[in-house]
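Reader: I'm in my first year and still learning to read these models. Could you take me through one part slowly, the place where two helices pack together, and then show me what else belongs to that picture?

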Amino acid sequence: MFRRPDALWIYAIIFVAFLYGPVLLLPVFALNDSNFATFPLAGFTLRNFQSMAANTSMIMALQNSLKIAIGVALLSTALAMPASLALTRFRLPGGGPIHGFMMLPLVMPSIVIAVALLVIILKILGIQLSLWTVAAGHVLICLPFCMSVLMSRLEGFDPNLEEASRDLGCTAWQTFWRLTFPLAAPGVVSSLLMAFIISFDEFVIAFFLTGTENTLPVYLFSQLRFPNRLPGVMALGTLILVGSTVLVLVAELIRKRGAPSANPGDI
Amino acid sequence: MVALPGIDRAEKVRDRDQIRRWLRGYGLLSPAFLVMVAMLALPIAALVLLSFWTQSGYELDRTLTSANYGTLVELKEEPTIWFGIPFYFAYPVPAILMLKSIVMSLMATTAVIALAYPMAYFLAFRVHRHKALWIILITIPFWTSYLLRVFSWKVVLGFNGAINSGLKALGIIDEPLEFLLYNPGAVVLTLAHSWVAFAILPIYVSLEKIDRSLLEAASDLGDSRWKRFVRITLPLSAPGTVAAALLVFIPTVGDYVTPTLVGGPGGTMIGNLIQDLFLKRNDAPLGAAVAVAMILLIGVLVALFLWAIGYARIRARRT
């Protein structure tokens, strides 16, 4: 089909530039040989990246974030999978309101979730804040995302396949592992990656619920107060951006590639 | 009507099967549901409970009292003037910040919808090849660190930032422009930028669902493109647009990161006050009352908005 560049196309290009422009300045200035984020650029350097290897508090924070994100990804996907099956396959009475309730963290301001968890953890239960409490908060905000991804995947293939499997003598457990899970696998991978990224990048809840140990975003935030650490912050920011972008791309491509096919039978 | 005994039994068996199915469904649902109850419903309940307690020094006084809410609405004779608006509160900070947050969030939401709608329209009607790639391109920024996206605006707008140093290098200005960063305008701009990717998808989905033959029919019956847009496309995409607006408005009222990083003293919002009361001033009960009041106010505003635009009618029209 013939496409003529019109106002809408020009708008789309400007829009994408606006969307990416500010963020793309981080790698530019991180590679710039200057202590200030200013134009004109002074020259190319990898110094800011090399110095990160020696930064033990940053590496500790990175390890903490990785541990939390991996745990959160596994746990929230494991919780979301049966719940998504229940909401897509069973036509439960009250399913609608339950689904709505489970999507609530999507629209709650995260500061409300953070202080509410802080209150129950500190004032009611009297538990010490730690990386565990951060992970708990992250599971809560990841669940709606995991469920959305998994539910749209499960809605995409024919439930008759599962009935056929039951009719042919498979138990519910066998049907799940031999049929449903393989068919839903792209959704599961995508759900794991999404939860990983959300947890890895999340700041507000981690800021409120962490004890003495930092996660990477909390560490990053603490560095923002010091102007002389700006280049290091931008180098770290660049790596985080590259990492998350790669993961999102993988997650989205797997999800799109595994999009419901016209013939749900061919696995 | 006389039921045959055989049919009656079959129905009973079917009912029993149905109930067994439901129980299995609830069983599958229960782990996630219990987690949500334990970590969302109970904490919110605890927050509400705390807002009826008081802080006396380092001790928490657990007698129920509405003193915190009293502090929020206690009146006095002499008003505090803020932008020409008199606030007759003895402790006017929460009310002023609440109003300010709502206004800033409304401005950001309006900007988001104005920016996102044409983009969603473009995706739905103009992109024919590589649609999935375009959508991924638009959604990637939403998934990457919120903190870094906000921080990048500090780099753009700062006193020694990209715009100032760039304009200086080009010889357009001699002194850095100080009005760029640390004000409510910077917060609104940054909020709009951070959330715009999130708003495109719901609008896009509702545009994509529109039956193309309706548009053809309108054209055949003599509507101009503009008239066709106003009479068909816009109303049919209203549910997605309203959803997008709410998905942006509700979380941004309580945003904490953006005002902290780019707001400066003049750009603080209600989220900063909540953080301050909880973590610095050690008055968690008052902080809880502010948070609860904020949720209630947002809820009322959203309900009023949906009622005003007749959302139930708009949704019903879709089918």
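Author: Let's start with the helix pair and then move outwards. This is a predicted model, where local features need pLDDT of at least 70 and side-chain atom pairs count only at pLDDT 80 or more, while totals for chains, interfaces and linings use all residues. Residues are numbered from 1 along each chain as its sequence is written, with chains lettered from A and ligands numbered from 1 in the order in which they are written.

Our pair is helix α3 (residues 93-126) of chain B and helix α10 (residues 238-253) of chain B. Helices here are DSSP runs (H or I, at least four residues), and strands are runs of E, at least two, all numbered from the N terminus. The two pack at an angle of about 145 degrees, with their axes 9 Å apart. Each axis is a line fitted to C-alpha atoms over the stretch in contact, and angles run from 0 to 180 degrees between N-to-C directions. The crossing of α3(B) past α10(B) is right-handed, meaning the near helix is turned clockwise from the far one by less than a right angle.

Who does the touching? On α3(B), the residues include Ser101(B), Leu106(B), Val112(B) and Tyr117(B), and on α10(B) they include Thr241(B), Val248(B) and Phe249(B). Contact requires C-beta atoms, placed from the backbone, to lie within 7 Å. Sorted by class, this contact has twelve nonpolar residues, five polar and no charged. Nonpolar covers Ala, Val, Leu, Ile, Met, Phe, Trp, Tyr, Cys and Pro; charged covers Asp, Glu, Lys and Arg; the others, Gly among them, are polar.

How far can you trust this part? Among the elements of chain B, α3(B) has the highest mean pLDDT, 94, and helix α14 (residues 311-318) of chain B the lowest, 68. That score is the predictor's confidence in each residue, from 0 to 100. Chain B as a whole has a mean of 87.

Now follow the chain past α3(B). In the loop between α3 and α4 (131-143) of chain B sits His130(B), whose phi is near 55 degrees, a positive value in a residue other than glycine. His130(B) counts as exposed because it has 10 C-beta neighbours inside 10 Å (20 or more would be buried, 12 or fewer is exposed, and in between is partly exposed).

Finally, chain B also touches chain A: 68 residues of chain A and 69 residues of chain B take part. On the chain A side, α1(A) gives the largest share, 13 residues.

How values were computed:
Contact = placed C-beta atoms within 7 Å.
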